[in-house]
Amino acid sequence: ATTRNGGPGLAGRACPVDANYGVVVSNSPQKKIYGYPGLYNTAVAGNQVEPGFTLGGANSPIQAWQGRSMIFSPDNSLLWAGNELGGMCLYRNPLTTNGDRAPDLQLHIDGMQWYSIWYEPQADVLYATTMSTALIYAWDGASVGSVNRPPDRTIAVPDYWGQGYLTGAPGSDVLFMAARLNGIDSVLVFDDADARNGVSAPDRSWRPQDFSAANTHAFSWDDTRNLLYVGVPNLSQVHVYSDASTRQGSATPDRTITIDFPGKVTVDWISGVVVAPEHDLLFVSMYKGQTMVFRSASGLQGTPEADRREQLGNEALGMGIFKQ
């Protein structure tokens, strides 16, 4: 039977060896990003619960979008943030050069209301979507330079009209988009995304259960195990789907993870879901600031107890993670 501790077979699960991750959260009232280095560190006791750095403020406000709106390069030298106030913002050396400073680069198109980003660091490609255009915008060599420039490519997806939420995995050119396609809320899968330009339909699409593309900002892919984690904010659940990049048609979750904890209020909702495949960790943030880390994520179901849960300020609108 499924238990409060996370389902069958989890009582003896091993802790990852020397897993060390930091977390960034977006606080929209403060117009800042708050960073917590070493928030989850299995080798060190007394992990950090106060911000180790901030980005933004009164002079250079930033309001990162919901979901995984902040994406680090693997060496942490670059941070891309989807900023409602200024498009796609690049911060170089964000862990050491921070504070109320302007981004090193802003990519945007005048008049666009941006919706989601995905950054593929090995190819150095930045993807973005908007609220109302039937395009995925792509900047190749995205982190080069300091001056705004037009996208290098646009992927025109037939029967799509905006509000698509993107995710992928470092080193993979598979791109996922949660979107309404021809009136049907679907997960779209694009192979060879780095080479696409012009009119381009997805290679596959599938329809998850209880799925609303407009609310799917909490969306993360474990490419090692080919698992897609889909947050269902109004249910406080994370649905897990296997064979994510290859399946088609309608789909029911292989597992359901329900997020609950003492003091959780009914108006709270899942604001971010990010998986760390290397150590099989799942990070979940709640709008009211609670942020959790679950280990052995690929086997979780039921209502598991988090391996680490902290209150990170009064809001976590969006979330990102970085490995240290």
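**Close-up views of two pockets and a nonpolar core**

**View 1. The second largest pocket holds about 380 Å³ of space.** The model shown here and in the other views is predicted. Lining this pocket are 18 residues, of which Trp65, Glu84, Trp114, Tyr115 and Met131 are the closest to its centre. By residue class, the lining of the second largest pocket consists of nine polar, eight nonpolar and one charged.

**View 2. The largest pocket has a volume of about 480 Å³.** Its lining is made up of 23 residues, and those closest to the centre are Tyr21, Arg68, Pro170, Pro277 and Lys323. Nonpolar residues account for 15 of the lining, with four polar and four charged residues besides.

**View 3. Several strands contribute to the lining of the largest pocket.** At least two lining residues come from each of strand 4 (70-72), strand 8 (114-120), strand 22 (270-276) and strand 26 (319-323). Strand 26 gives the largest share, three residues.

**View 4. The largest nonpolar core contains 32 residues.** Within this core, Trp80 and Met88 touch the most other members. Strands that each supply at least two residues of the core include strand 5 (78-83), strand 6 (87-92), strand 7 (105-107) and strand 8. Strand 9 (125-130), strand 10 (135-140), strand 13 (175-181) and strand 14 (184-190) each do so as well.

**View 5. Surroundings of Met88 in the largest nonpolar core.** Neighbours within four places in sequence are left aside here. Tryptophan contacts of Met88 are Trp65, Trp80, Trp114 and Trp139. Met88 is also in contact with Ala81, Leu105, Gln106, Leu107, His108, Ile117, Leu126 and Ala128. Of these contacts, Trp65 and Trp114 also belong to the residues closest to the centre of the second largest pocket.

Key: Residues are numbered from 1 along each chain as its sequence is written. This is a predicted model: local features need pLDDT of at least 70, side-chain atom pairs count only at pLDDT 80 or more; totals for chains, interfaces and linings use all residues. Side-chain values use heavy atoms; hydrogens and water are left out. On a 1 Å grid over the protein atoms alone, a cavity is a set of points where a 1.4 Å probe fits but cannot get out, and a pocket is an open set with protein on both sides within 12 Å along at least five of seven lines; lining residues have an atom within 4 Å of a point. Grid points are joined across faces, edges and corners, and a volume is the space filled by probe spheres set on the points. Helices (H or I, at least four residues) and strands (E, at least two) are DSSP runs, numbered from the N terminus. Ala, Val, Leu, Ile, Met, Phe, Trp, Tyr, Cys and Pro count as nonpolar, Asp, Glu, Lys and Arg as charged, and the others, Gly among them, as polar. A nonpolar core is a set of buried Ala, Val, Leu, Ile, Met, Phe, Trp, Tyr and Cys residues joined through side-chain atoms within 4.5 Å. Buried means under 20% relative accessible area, exposed over 50%, partly exposed in between (1.4 Å probe, protein chains only). Contact means heavy atoms within 4.5 Å.
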